[in-house]
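Subject: Structure for your review

Dear colleague,

Please find below the structure I am handing over to you, together with its sequence. My notes on salt bridges and cysteines follow it.

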Amino acid sequence: MEELPVPHNIKISNITCDSFKISWEMDSKSKDRITHYFIDLNKKENKNSNKFKHKDVPTKLVAKAVPLPMTVRGHWFLSPRTEYTVAVQTASKQVDGDYVVSEWSEIIEFCTADYSKVHLTQLLEKAEVIAGRMLKFSVFYRNQHKEYFDYIREHHGDAMQPSVKDNSGSHGSPISGKLEGIFFSCSTEFNTGKPPQDSPYGRYRFEIAAEKLFNPNTNLYFGDFYCMYTAYHYVILVIAPVGSPGDEFCKQRLPQLNSKDNKFLTCTEEDGVLVYHHAQDVILEVIYTDPVDLSLGTVAEITGHQLMSLSTANAKKDPSCKTCNISVGR
């Protein structure tokens, strides 16, 4: 009996955060004997991979021989933005139920994509459910160490510069490691209506009037929704001056919010004055995409504690939380 053809020239296309299309070429001889394809998919091993991973967990997909390209979806929980290796062999099912198989193809590497706008909209809808009532606020603020502000004054002419967002939050978030911006907070204490005196990021605080960053000349986008194995949840929003590079980046990747009417952060006009509200039941992290001059606000030392447990730097999202996860790869 002739050997089954070995797949070659494998091509991966139409990659999303949880699916891909695969096709290949094969010699025509014995092609009509092929009844199934075996596809072996594995996360690409790296130094950070789990050394206790069970090596005997099957990673092969047995698929009927359908016309190529074939879509692979739902057979594994594919993770967004993750490198995988894939190899293929052809198979012929025998009358006794066993398979005759070809040699394995060459191994191909590819990386899954970020969440699309569709996936982010699903996250947005989940965040809206728990956002809570809106509280009035008047300032955005940024906590840092004294050395940070000294460095800004000495090396950047008093202008805080955007930096690339870290990898905290959802693994599939398209802003992680790509969007440049400056983090601000706007949460207030329920009893005082003012920013809290505690901070995980340093004892010095830059405060700026809300209208200096968020106004009719800026666009507002939803960036992420996550928790870190805790009872409270974080929502990341992006404020970008209209037409700026940050605005163009977000317009292609993130759901845009109506600045006057959404569940998280609003800017409305009352009697000719801009009025601001933020959601009470989530912790908002606001990214502003342009430089911000220190002269537009004030820097002062806060009186509270430095609560490192609240830091979100490179924090990993809880993949088991039903409140802030969506039904695609983790």
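**Salt bridges**

Asp 150 and Arg 153 both belong to helix α2, which spans residues 146-155, and they sit three residues apart, about one turn of the helix. Please bear in mind that this is a predicted model. The side chains of Asp 150 and Arg 153 are joined by a salt bridge, with an N to O distance of 3.6 Å. Both partners are partly exposed: Asp 150 has a relative accessibility of 31%, and Arg 153 one of 40%.

A search of the whole structure returns 10 salt bridges, among them the pair just described. A further one lies in helix α4 (residues 245-253), where Asp 247 and Lys 251 are four residues apart and thus separated by about one helical turn. Their side chains meet at 3.7 Å, N to O. Here the two partners fall into separate accessibility classes, because Asp 247, at 0% relative accessibility, counts as buried, whereas Lys 251, at 39%, counts as partly exposed.

Salt bridges that share partners also link Lys 44, Glu 83 and Glu 109 into one network.

The salt bridge between Asp 166 and Lys 165 has its closest N and O atoms 3.5 Å apart. In this pair it is the lysine that is buried, as Lys 165 has a relative accessible area of 4%. Asp 166, by contrast, is partly exposed, with a relative accessibility of 23%.

**Cysteines**

How many disulfides does a search of the whole structure find? The search finds zero. Cys 324 illustrates this result: the nearest cysteine sulfur belongs to Cys 321 and is 3.7 Å away, and Cys 324 is in no disulfide. That distance does not meet the criterion, because a disulfide requires the two cysteine sulfur atoms to be within 2.5 Å. Cys 324 is buried, with a relative accessible area of 0%. Cys 17 is likewise buried, at 1% relative accessibility.

**In brief**

For your reading of the model, the two helical pairs are Asp 150 with Arg 153 in helix α2 and Asp 247 with Lys 251 in helix α4. The buried members of the salt bridges described above include Asp 247 and Lys 165. As for the cysteines, Cys 324 has the sulfur of Cys 321 as its nearest cysteine sulfur, yet takes part in no disulfide.

With kind regards

Technical notes: Residues are numbered from 1 along each chain as its sequence is written. This is a predicted model: local features need pLDDT of at least 70, side-chain atom pairs count only at pLDDT 80 or more; totals for chains, interfaces and linings use all residues. Side-chain values use heavy atoms; hydrogens and water are left out. A salt bridge is a side-chain nitrogen of Lys or Arg within 4 Å of a carboxyl oxygen of Asp or Glu. Buried means under 20% relative accessible area, exposed over 50%, partly exposed in between (1.4 Å probe, protein chains only).
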